[in-house]
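Visitor: I am new to this structure and should be grateful for a close look at a single part of it. Please begin there and then connect that part with the rest of the chain.

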Amino acid sequence: MCIYWTYVDILVQLNARGVALLSAFERTGHLSDITDSISVLQNAVDLTPQGHTDLPVYHNNLGISFMRRSERTGQLADIADAISVLQKAVDITPQGHANLPRCLNNLGHSFMRRFERTGELTDITNAILAQQKAVDLTPQGHPDLPSLLNNLGTSFMRRFERGGELADIVVAILVQQKAVDLTPQGHFNLPHRLTNLGNSFTCRFKHTGELADIADAIAVQQKAVDLIPPGHADLPGHLNDLGVSLMRRFGRTGELVDIADAISVQQKAVDLTPQGDAGLPMHLNNLGNSFSCRFKRTGELEDIADAIAVQQKAVNLIPRGHAGLPMYLNNLGNSFTSRFERTGELADIADAILVQQKAVDLTPQGHADLPMYLNNLGNSFIRRFKHTGELVDIADAISLQQKAVDLTPSGHAGLPMYLSNLGNSFTCRFERTGELADIVDAIAVQKQATDLIPQGHAGLPMYLNNLGNSFLLQFERTGELVNIADAISMQQQAVDLTPQGHADLPGYLNNLGRSFYGRFTSSGEIGDLEKSMSCYKVAATSTIGSPRVKLAAAKRWASLVIQHHSHPPEIILAFDTALGLVALIAGLEQTVRGRYTQLEDISGLALKAAAAACALDRADKALEWLEQGRCLQLEHAGSSRVQSTVGMSLSEKRSLEDEARAHLSLARKWDDLLKTARTIPGFESFLMPSPCLALMQHLPTSGPVIVVNIDEGRCDALALLAGLDQPLHIPLPNFSIQKASTYRVRPAPIGKRSEDLSVHRVLRCLFEVVVKPVLDTLGFSDQVPPRLWWCPTGALSFLPLHAAGIYRGPNQESVSDYAVSSYTPTITALTDRVKNNHLIDSTASGLFLTSQPSVSDAPPIPGTTKEVSFIYERAKESGVDAVKLEGDDMTVAQCLEHMQAFSCIHLACHGSQNAAEPLKSRFLFHNGSLELGTILKSKLKHADLAFLSACQTSTGKETLSDEAVHLAAGMLAAGYRRVVGTMWSIGDKAGQDVATSFYEYLFTRRGENTVGTFDGTHSAVALHHATQTLRLSLDDSERSLLTWIPFVHFGL
């Protein structure tokens, strides 16, 4: 039997095949199906003659396929093609035809999709017109009516999002609810209609804040998700929408279970969305929003790192010109701002302002979201103002936030937040300028915000806290007791309404403590003082919240307990808490630059704590706290890096964020491992700050270690002697921080006269009021001088204790008469070397030398060539294995190789300190420079002695008053047991004389080592001998003193 196909049959088959492929795509999401569908349906249209009764149907189906592909790929051309063919379908469909409503609906849907992409109001107006006409033409009971109502409701919702007219969202919910009610159970489109209804409820909730709306949204969206079978292409979209609603409710109620559920379903949505899908940027953006929300609640840095990473990816994926781009940029900026508030990294706030400004610029006037973008940009300007103090930033913040308030209609759910933020900006400007009008304005708008926010709202504590802060500032300016009463009332309510475990609670307690203390200073009421200290204590010891906020509370707590003579246990607990928080701030979650910024802000805390301990006759705690504070930088050196993001593309920044997230993940694993280890019996204090008894173990037996602490109120020495369990406390009442800050021993710049005190006077004072009392207490005599290690703190770190003495007159004496001085940056740095002292491997025993006499951009030091040649020849004569590389003959890599191979090194070159980033301090070579950070990363298992015949190798950073950060200390951290360095730039000849005399001493005593290897065992005595030899060859002028003083010895 033969089957004959007519022309009409072929057209019918093409259309049926195209529709089948479209259905397959909607079921599986495979792009090949929709591409084939378009190709087949285009053939059907092209082959159908004009006037054919089925042509409108073929146009309609082709338009739907273009629309579906655009939803998958985001291509605007597909939407344009869809609108074109669907408009043709409407135009050629006769009035009264049963298919006309369906064609109008599809055309309206395409207009709506283009509006979502471009933001053109004419498109959403055309969408509503076409879809309303489709509904009007469809009789009651028609099976298509639910679909038409659903789509009409979606368009009304989109117009509401753009214009903010409440009537639009009311109509949207009305028609979408009707669509759901008319859809039979089990219908394949019911999940889609439920989700859309939920989205409209969420939109109205954003505007009105009515909890019933968000509850309804979650209920219908959860039902939609439950109805979608696993593997369905629409499931990611439904999960995403449900997650958004859960996040919105969390923002209103603060229930952690909601944000956890939001992240769970949104992560699943992202995981199920194929790469290249047009919905992926939105799903990533919303997931980032939820991570950011949870970060604000818990303070977990990993959450904000995840937020930024996924939001950067969303911005990177969305096409330029997309209507959603401003929203994604705004959200990314919010996350940058949140992280800046936690870490203080200026790069984050700069990035926040950059992307939020772009969001504002891209948003058309009249857009419903414009006030929110303006408000958020203003918030970022205010954050930067607080950090930099630039008045232009606070002016910009107020201008933007005032505009946000002016553009927001009464009754809008976001208005209280915009008012409160505007008030915060007025408050900040008042703190800077003192203009009373600003604090009055701040209180006015913040009162308005508080009055508008409903009881039970998760944000109410924040608004109350902000209003209380403004009342406090007004009290501090006017002294009016009614203001401080209002401040305490508002802040107490904020604390009472904040759930335990909320990340903001320590901050609210901090502010309340400040207000109680303010009232105490005015009234003298002891109860207020006790409440103030209690607030600070609870904030400082909280297990949640920003470490910087908790540290601020701990410092205030410690200050008050000292000032008001509280019991010693309270003082000890306060400083223990504060220094523990310092360690946390300087921990693995910070970049190197970030750590230094934080440490500069809190520099001196360990010194203050130690001074308090000495006043309580607790030398043990003084030692523990000083060691804890001074070890911070050295123990973290090289653990992370900082990289500027200025000028980076978004993809480059995203790559950097991925690295940061990996770093945070490792930090979290490290913390978890520590917690696990400390649960093991006997390991309860594993890697915790060392107690005094542990610090007193493994001290050198050849002499004492002298820690000298100086603070605003007192100066004390702690003498550590082998065999004792506690330090010997030696008060130094005749020395002060004022004297230390005026005493400087350093050469004046060329061509300028030094304004410092006489070098002789400084050295004499140091000897008489610091060094001699220590020597006398320890019973030192001028017989064979023992070893002595100095560990100075604060301003004393920059004074030459090793050279203290009286160098003129009949009764000349100096520390050199009594001891061979060395330095150690920390006690642990010294005791670790004593504990792990071992013989040098004979295969590595030897000396590597280099001279770099003519480095570009540095003065020539030709004497280093002669210096290195002499030492090299004497080494060979003494049977020491030696290698020298000079000038252009050595690369940085070769230097590192020889440092790994030889136990001893001699670097005769320029050295340069980098105060901003100490790990970038470096040695300058002809062929590049060797950074301290690079050395620290190298495995120098044979390292013994490093002689740094260079400039600026033992000078730290004065703003880090209780840190020892310089090249010499860095070389100790890299593994060298002893290091010779200089406190300032040295003369070429002086460096040559000391170096040659130093090695001559070591070479002649090499035979004293029983194994016959060359090492630095006698290096301290050798340097003592070399500098004293130089000193005795000179006169007693200040110029002569400055010639030999800079040479210092570190380590064993």
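Which residues do ring pairs link into a cluster?

Guide: The model shown here is a predicted one. The cluster is made of Phe947, Phe998, Tyr999, Phe1003 and Phe1014, which are linked by ring pairs. Aromatic pairs are counted when the ring centres lie within 6.5 Å, and by this rule the count comes to ten.

Rings also take part in another kind of arrangement, in which a charged side chain is placed over the ring. Tyr872 has the charged end of Lys884 over its ring, 5.4 Å from the ring centre. Tyr517 is placed in a similar way: the charged end of Arg556 sits over its ring, and the distance to the centre is 5.4 Å.

Lys884 leads to a group of parallel strands. In β9, Lys884 is the bridge partner of Leu849. The strands concerned are β8, residues 847-851, and β9, residues 882-886, and they pair in the parallel sense over five bridges. Helix α35, which spans residues 863-877, joins with β8 and β9 in a right-handed β-α-β unit. Strand β8 has a further partner in β10, residues 904-908; these two run parallel and are joined by five bridges. Within that pairing, Phe848 has Ile905 of β10 as its bridge partner.

The surroundings of β8 can be described residue by residue. The strand is mostly covered, with five of its five residues buried. Leu847, Leu849 and Ser851 point to one side of β8, while Phe848 and Thr850 point to the other, and all of these residues are buried.

Further along the chain there is an antiparallel arrangement. Three strands form an open sheet in the order β11-β12-β13, and their pairing is antiparallel. The edge strands of this sheet are β11 and β13, each of which pairs on one side only. From one strand to the next, the twist averages 30 degrees. Helix α36, residues 892-901, packs on the sheet and touches β12 and β13. The direction of α36 makes about 40 degrees with that of β13.

The individual pairings of this sheet may be followed in turn. Strand β11 covers residues 910-912 and strand β12 covers residues 922-925, with three bridges between them in the antiparallel sense. In this pairing His910 stands opposite Leu924 of β12. Strand β12 also pairs with β13, residues 928-931, in the antiparallel sense and over four bridges. Here Phe923 stands opposite Leu930 of β13. The connection from β12 to β13 is a hairpin through two residues.

The last strand to be considered here is β16, residues 1047-1051, in which Val1048 has its place. Val1048 counts as buried because its relative accessibility is 3%, and the cut-off for a buried residue is under 20%. Thr1027 is 21 residues away from Val1048 along the chain, and the C-alpha atoms of the two are separated by 9.4 Å.

A buried residue in another part of the chain is His59, found in helix α3, residues 55-73. His59 has a relative accessibility of 6% and therefore counts as buried. Apart from neighbours within four places in sequence, the contacts of His59 are Val45, Val85, Leu86, Lys88, Ala89 and Ile92.

Two loop residues deserve attention for their backbone. Most residues other than glycine have a negative phi. Asp617, however, is not a glycine and has a positive phi, near 60 degrees. Asp617 is placed in the loop between α28 (605-615) and α29 (619-636), and at 59% relative accessibility Asp617 counts as exposed. His698 likewise has a positive phi, of about 65 degrees, although His698 is not a glycine. The loop that holds His698 runs between α31 (692-695) and β1 (705-710). His698 counts as partly exposed because its relative accessibility is 42%.

These parts belong to a chain with 41 helices and 16 strands. Of the 1052 residues in the chain, 56% are buried. When contacts between residues at least 6 apart in sequence are considered, 69% of them join residues at least 24 apart.

Terms used. Residues numbered from 1 in each chain as written. Predicted model: local features only at pLDDT ≥ 70, side-chain atom pairs only at ≥ 80, totals over all residues. Heavy atoms only, no water. Phe/Tyr/Trp six-rings, centres within 6.5 Å; stacked < 30°, edge-to-face > 60°. Lys NZ or Arg CZ within 6 Å of the ring centre and 35° of its normal. Pairing = 2+ DSSP bridges. Buried < 20%, exposed > 50% of the residue type's maximum accessible area, 1.4 Å probe, protein only. Right-handed = clockwise from strand over helix to strand, strands pointing away. Axes fitted to C-alpha atoms, helices over the stretch in contact; angles between N-to-C directions. Contact = heavy atoms within 4.5 Å.
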